[in-house]
Amino acid sequence: MRMPSPTWRPSLDRALEGNSRSHQHRFVQLATVRPDGRPAVRTLVFRGFLGDSSDMVFTTDARSAKCAEIRRSPEAEICWYFAGTREQFRLYGGVRLVDASLDEHLHEARVLHEARRDTWRALSDETRASFAWPTPGEPRDPGFAFPTTPPDAETPLDSFALIVFWAREVDHLVLDGNPQHRWKYVADSSGRWSGQEVNP
Ligand SMILES: Cc1cc2nc3c(=O)[nH]c(=O)nc-3n(C[C@H](O)[C@H](O)[C@H](O)COP(=O)(O)O)c2cc1C
């Protein structure tokens, strides 16, 4: 049975629409947990929702530190500030990687496999070329010439991965107003959302 759209989704859609004139409206901060328990956070580009779900799609290099963190600890928090409308969404939830090792023959995996291929196709040549660079975070060899030739647009490189995130809790703060406004939304174990306005 398909779940109805989460109750927070119209607010996020309005924020995306209301801030669309600035490229920055697609930058989110994704926090994960390092193997030693310390937090780690970085900026990612929001690439859209997975099909007609509210799962969020990001792209990354499968060799980067965040991927090892997600494999080991598949939960994350996103902080997303929309400067134009002065509002913040904090989304806590589950996260998974969709990389070349996915078995595309499983039904659920086929959708993810297609999303990985379609997202790769939609990237610019410049961004696709960056996935042929040496391993992120390793010492840079000053003599190494980074490849600039774009890889085949039809076949994602093994280093290309999607990060798929699905929210379980959402905290939405709108700065305009005195007092400001804040809402909290929580999904129960069957994925049904409830929400209420709370003190800012
Ligand atoms: C504006 C901006 C957008 C970025 N977008 C992405 C992105 O979409 N995917 C990505 O993997 N890294 C992106 N980065 C780089 C990450 O913030 C980070 O430095 C890199 O992924 C390594 O992170 P890690 O060591 O935690 O894996 C972006 C950085 C900035 C400043």
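A polar contact is taken here as a pair of N or O atoms within 3.5 Å. The model examined is a predicted one, and the contacts of its ligand are described before the packing of its helices and the details of its loops.

By that criterion, Val45 makes a polar contact with the ligand, a polar backbone atom of Val45 being 3.0 Å from a ligand oxygen atom. The backbone of Thr43 also takes part, with an N or O atom 2.8 Å from an oxygen atom of the ligand. A contact through a side chain is provided by Lys66, in which an N or O atom is 2.6 Å from a ligand oxygen. Of the 610 Å² that the ligand exposes when taken alone, the protein buries 57%.

The shell around the ligand consists of Phe27, Arg42, Thr43, Leu44, Val45, Thr59, Thr60, Ser64, Ala65 and Lys66. Sorted by class, these residues comprise 4 nonpolar, 4 polar and 2 charged members. At least two shell residues each are supplied by strand 2 (39-45), strand 4 (56-61) and helix 2 (65-72). Strand 2 provides the largest share, with 4 residues.

Helix 2 thus contributes to the ligand shell, and its own packing was examined next. Its buried residues are Lys66, Cys67, Glu69 and Ile70. These lie on the same side of helix 2, because the arc they cover around the axis is only 160°. The other side of helix 2 carries Ala65 and Arg72, both exposed. Two of the residues named here, Ala65 and Lys66, also belong to the ligand shell; Ala65 is on the exposed side of the helix, whereas Lys66 is among the buried residues. The cover over the buried residues of helix 2 includes strand 1 (27-33), strand 2, strand 4, strand 6 and strand 7.

Beyond helix 2, Pro74 occupies the loop that leads from helix 2 to strand 5. With a relative accessible area of 47%, Pro74 is partly exposed, since that class covers the range between 20% and 50%. Apart from residues up to four places away in sequence, Pro74 touches Gly93, Gly94 and Val95. The C-alpha atom of Pro74 is 8.9 Å from that of Leu97, a residue 23 positions away along the chain.

Helix 1 (residues 9-18) has five named buried positions: Arg9, Ser11, Leu12, Ala15 and Leu16. They fall on the same side of helix 1, because they cover an arc of only 160° around its axis. Arg14 and Glu17 are exposed on the face turned away from this buried side. The buried residues of helix 1 pack against strand 3 (48-49), strand 4, strand 5 (75-82), strand 6 (87-98), strand 7 and strand 8 (181-187). Strand 4, strand 6 and strand 7 therefore appear in the packing of helix 1 and also in the cover of helix 2.

Within helix 1, Ser11 has a relative accessibility of 11% and so counts as buried, the limit for that class being 20%. Its contacts, leaving aside neighbours within four places in sequence, are Phe89, His172 and Tyr185.

Val170 belongs to strand 7 (residues 160-174). Its relative accessible area of 2% places Val170 in the buried class. When neighbours within four places in sequence are left aside, Val170 is in contact with Trp8, Phe89, Arg90, Leu91, Trp183, Lys184, Tyr185 and Trp193. Phe89 and Tyr185 are included in this list and are also contacted by Ser11. The pair formed by Val170 and Trp8 spans 162 residues in sequence, while the two C-alpha atoms are 7.3 Å apart in space.

Two loops show backbone features that merit separate mention. In the loop between strand 7 and strand 8, which contains Pro179, the peptide bond joining Asn178 to Pro179 is cis, with omega at about 5°. In the loop between strand 5 and strand 6 lies Arg86. Arg86 is a residue other than glycine with a positive phi, near 50°. The relative accessible area of Arg86 is 36%, so this residue is partly exposed.

Technical notes
Residues numbered from 1 in each chain as written. Predicted model: local features only at pLDDT ≥ 70, side-chain atom pairs only at ≥ 80, totals over all residues. Heavy atoms only, no water. Near = heavy atom within 4 Å. Polar contact = N/O pair within 3.5 Å; in protein donor to acceptor, adjacent residues only side chain to side chain. Areas by Shrake-Rupley, 256 points an atom, 1.4 Å probe, with all protein chains shown as cover. Nonpolar A, V, L, I, M, F, W, Y, C, P; charged D, E, K, R; others polar. Buried < 20%, exposed > 50% of the residue type's maximum accessible area, 1.4 Å probe, protein only. Contact = heavy atoms within 4.5 Å. Arc of directions from axis to C-beta.
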